[in-house]
Amino acid sequence: MSMVLPSSSLNPPKRNSLTHIPGDEGWPIIGKTLAALADPKGHVEANFKKFGPVYRTHMFGETSISLLGPEANELVLFDQDKRFSSELGWGPILGLLFPRGLMLRDFDEHRAHRKTLSVAFKSGPMKSYFTELDKGIAARIRSWTQTPGEMLLYPAMKQLTLDLAATSFLGADIGPEVTEINKAFIDMVAAAVAPIRRPLPGTQMGRGVKGRKRIVAYFSEQIPLRRAKGGGDDLFSQLCQATHEDGALLSNQDIIDHMSFLMMAAHDTLTSSLTSFVGELAANPVWQQKLRDEVTALGPAADAAVTFDQLEAMPLTEMAFKEALRLKPPVPSMPRRAVRDFTFKGFDVPGGTLIGINPLFTHHMAEIWPEPDRFDPLRFTEDAQRGRHRFAWVPFGGGAHMCLGLHFANMQAKCFARHFLQNLEVSLAPGYRAAWQMWPIPKPRDGLRVNVKPVT
Ligand code: HEM
């Protein structure tokens, strides 16, 4: 019989209650942390080979169970029986800096907040974020066109997504505080994955906690002003007016927590995915040209505004972006904590156990994705997708916690592709391939050197 545990009693299970599950916990205390950090993909693949799709490991001070493959993704993400807590999985990683964000809430409370936030992601508000995104992207591509030659793609993309987030999330009239707010966010996001978890002076975590104080002060001061002013097309103004089912406004604390989390959720994921997308196009000139032909066929001159409807008419671009997300999913693994006992592939796992699923592994399973390391957008034609497990491609997760910003991300990627490809050609130096660090969020170790030149 399955046992339901209240979250307050969710201590990790005793070590020997998991020893029936095959695995290797490595050295005392550090466990397998260093091996996993050195080569996250290779480490999981080696464990799969040795132990199969359910194995025990020990990382960051706790024994956990990895569940691999599409069925595992479905079990944990779809979570029909409410067996897996996202809050208790992500809490140790994100809880200090982004407490009470949407992903750090569970079940009924999560559903109610998700419904309230969803208003800000409906087509009306999305169209106005899009107008700002389009303007910002067009201006940035114009400046890149004026400075052809070698550029470091990752930092340039990071700056772009940050600047775009400032306008579409906070509003075009945020004013001189924007630099300070952006810096506070960068410090918070960097600290979320810092190895030293205590906010000691001089550490990333110390800077992150200071950044959070600045952000909390900014939002606290702005909420009453935005509410009094009313209207406003940006995400923050939308949340200031959003109401729960009973008509009550979100509390100030809820707005602060949701805004901080949303900006974090959008920032590194978009930077990572747009960088890998352009990196793949630079390495695959034939596909780059196919996409350029597609965006050029949309019509107007190279710096004209992209319309919302044109985004629907970019099937090859959509497939290429999906393929980039397959190769380098910005969230390569996802943690949960079981709140009930469960059984998977014949293994009984007690409630309280920390669980991990792994999109990066699933996205490279050769039986689903032949020649898994090859960039091939044709994997996402309707025909090719037919019959594929629906949890075989999960860059945005799935089920109750599926990415709320999925359409926002696709919209930004297509808008970027349109302006970038109509104006610039991108290439890599002969023989050069950037090395990527794949965890916690994929990023090229050297920033990814590309060459850009105006389209002739
Ligand atoms: C390519 C870009 C993005 C990727 C790959 C991505 C990926 C993900 C994934 C995998 C999750 C679920 C994690 C889990 O279940 O453990 C998630 C959740 C979330 N994402 Fe995204 N994300 C992206 C962009 C964005 C953007 C642009 C926004 C906001 C505008 C956003 C907002 C959120 C939110 C609010 C959640 C929590 C949803 C919930 O718990 O109900 N994401 N994202």
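So, which residue in the turn of the E1 and E2 hairpin has a positive phi? It's Phe60, at about 50°, and the hairpin has two residues between its strands. Before I go on, keep in mind that this is a predicted model.

Let's stay with that hairpin for a minute. Strand E1 covers residues 54–59, and its pairing with E2 is antiparallel, over six bridges. If you want one pair to find on screen, go to Tyr55, whose bridge partner in E2 is Ser66. Now look at the same Ser66 from the other direction: in strand E8, its partner is Gly356. E8 is residues 354–357, and here the strands run parallel, with four bridges joining E2 to E8. So E2 has an antiparallel pairing with E1 and a parallel one with E8.

How many of the six residues of E2 are buried? Six of the six, so this strand, residues 62–67, is largely enclosed by the rest of the structure. As a reminder, in a regular strand the side chains alternate between the two faces of the sheet. You can see that here: Glu62, Ser64 and Ser66 point one way, Thr63, Ile65 and Leu67 point the other way, and all of them are buried.

Okay, next sheet. This one is open, with three strands in the order E4-E12-E9, and the pairing is antiparallel. At the edges you have E4, residues 149–152, and E9, residues 424–427, each pairing on one side only. On average, neighbouring strands in this sheet are turned by 35° against each other, ignoring direction. Between E4 and E12, which is residues 449–454, there are four bridges. One to click on is Leu152, which has Arg449 as its bridge partner in E12. Then there's helix H7, residues 153–170, lying across E4 and E12 and running at about 65° to E4.

On to helix H12, residues 285–296. Does its length add up? With 12 residues at 1.5 Å each, the helix should span 16 Å, and its end C-alpha atoms are 16 Å apart, which agrees. Which residues of H12 are buried? Those are Trp287, Gln288, Leu291, Arg292, Glu294 and Val295. They take up an arc of only 160° around the axis, which puts them on the same side of H12. The general rule behind that spacing is that an α-helix has 3.6 residues a turn, so residues three or four places apart point the same way. Turn to the face away from the buried side and you'll find Pro285 and Val286, which are exposed. As for what covers the buried residues, that includes H11 (252–283), H13 (315–327), H16 (406–423) and, from the sheet we just left, E9.

H16 takes us to the ligand. Cys403 sits in the loop between H15 (382–385) and H16. Its SG is the only protein donor of the ligand's iron atom, at 2.3 Å.

Last stop, Thr203, in the loop between H8 (178–192) and H9 (204–229). Is Thr203 buried or exposed? It's buried: the relative accessible area is 12%, and the cut-off for buried is under 20%. Leaving aside residues up to four places away in sequence, Thr203 touches Ile196 and Arg198. His363, on the other hand, is 160 residues from Thr203 in sequence and 34 Å from it in space, C-alpha to C-alpha.

That's my tour, happy to rotate anything on screen.

Key
Residues are numbered from 1 along each chain as its sequence is written. This is a predicted model: local features need pLDDT of at least 70, side-chain atom pairs count only at pLDDT 80 or more; totals for chains, interfaces and linings use all residues. Side-chain values use heavy atoms; hydrogens and water are left out. Two strands pair if DSSP finds at least two bridges between them. Axes are lines fitted to C-alpha atoms, for helices over the stretch in contact, and angles run from 0 to 180 degrees between N-to-C directions. Contact means heavy atoms within 4.5 Å. The expected span of a helix is 1.5 Å times one less than its number of residues. Buried means under 20% relative accessible area, exposed over 50%, partly exposed in between (1.4 Å probe, protein chains only). The arc is that of the directions from the helix axis to the C-beta atoms. Donors are N, O and S atoms within 2.8 Å of the metal (3.2 Å for Na, K and Ca); water is not among the atoms, so sites may look incomplete.
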